[in-house]
Amino acid sequence: MKRLILAAFLLVGLAAPSFADVTVKSLAGGKGMGMSTNMTTITYIKGNKMRTDTVTGDTTRTMIFDVDAQRLYSFDSKKKEADAWDMQAFGASMVSAVDTSEMKASVKANGQTKMIAGKSASGYDLLITMPTTIGGKEGMKLTLNMTGPMWVVKGAPGTAEYLNFYKGAVEKGWIFSDPRAAKGSPGQAKAIAEMYRELAATGGIPYEMEMNIKMSGEGPMAGMMAKMGNISSTTTVQSVETATLAADLFAVPAGYKIKEQK
């Protein structure tokens, strides 16, 4: 469960503004299942590659997304080894693990505006509902409800690159969380991917995002899980730099052992 909570919080950092080459620092906070988390996330994008470094306490967790090569790498600062996934194969396994036919998703303008990082952002309301299971395909059946206001800036530098990255990744069946967490809750992972598809349709970049994830279900165990499983997170962009990024930033560091995962 702790992995699921952290995966949800890491997603906040992925919503930061993105340019062809950009470095974005944001602060995120959240709580769920009796835990609270505050973290700093640095997001880097260069073409069809993205890297996120998330700092919690004395540990930095890194994920590298290589859309063209269909590879995802995950490692942390405590040990010199990285987990690697073939995302084409993983995407196929996700399709068989979860039925998205009953998923409902929308991102609608709410008519509000506010200034964020010196830019005027338009408010949108997110709503996604999806039947899912916890603990694998035959696990406990629940309904995932994802809601939250989002603030989108249109016409900002890097908008085209931002949209192209996420559109390309979603079209190839990518998810934006740790695959190990996605295996335990594939419905949540697919709902997150759909959220990015809906965001791309707004034609802008989300400069601020609040995400609230709640579970609902029938029966005493489902009710208890629903009560415990509520997760909320919020992100705020602190700074944006547009210096050119080195290519090796999007590769596993030299000397790290790579462990292939399925």
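Colleague: Where along the strands does Ala-117 lie?
Modeller: This is a predicted model, so local features need pLDDT of at least 70, side-chain atom pairs count only at pLDDT 80 or more, and totals for chains, interfaces and linings use all residues. Residues are numbered from 1 along each chain as its sequence is written, and side-chain values use heavy atoms, with hydrogens and water left out. Helices (H or I, at least four residues) and strands (E, at least two) are DSSP runs numbered from the N terminus. On that basis, Ala-117 is in the loop between strand S7 (104-116) and strand S8 (119-134).

Colleague: Is Ala-117 buried or exposed?
Modeller: Its backbone first: phi of Ala-117 is near 50 degrees, a positive value in a residue other than glycine. Most residues other than glycine have a negative phi. For accessibility, buried means under 20% relative accessible area, exposed over 50%, and partly exposed in between (1.4 Å probe, protein chains only). At 56%, Ala-117 counts as exposed.

Colleague: And Gln-70, buried or exposed?
Modeller: Gln-70 also has a positive phi, near 55 degrees, and its place is in the loop between S4 and S5. That hairpin has 4 residues between the strands. Relative accessibility of Gln-70 is 13%, so this residue is buried.

Colleague: How many bridges join S4 to S5?
Modeller: Strands pair if DSSP finds at least two bridges between them. S4 (residues 59-66) has 6 of its 8 residues buried, so the rest of the structure largely encloses it. On one side, 8 bridges join S4 to S3 (residues 49-56), running antiparallel, with Val-55 opposite Thr-60. S5 (residues 71-76) is antiparallel to S4 too, with Ile-64 opposite Tyr-73, and the bridge count for S4 and S5 is 6.

Colleague: Which residue does Lys-49 meet in a salt bridge?
Modeller: A salt bridge is a side-chain nitrogen of Lys or Arg within 4 Å of a carboxyl oxygen of Asp or Glu, and the whole structure has 8 of them. Lys-49, in S3, is partly exposed at 32%. Its closest N and O atoms are 3.9 Å apart. The partner, buried at 12% relative accessible area, is Asp-66.

Colleague: What is the closest N and O distance for Lys-114 and Glu-208?
Modeller: Lys-114 lies in S7 and Glu-208 in S10 (residues 205-216), so this salt bridge ties together parts 94 residues apart in sequence. Lys-114 is partly exposed at 31%, while Glu-208 is buried at 16%. The closest N and O atoms are apart by 2.7 Å.
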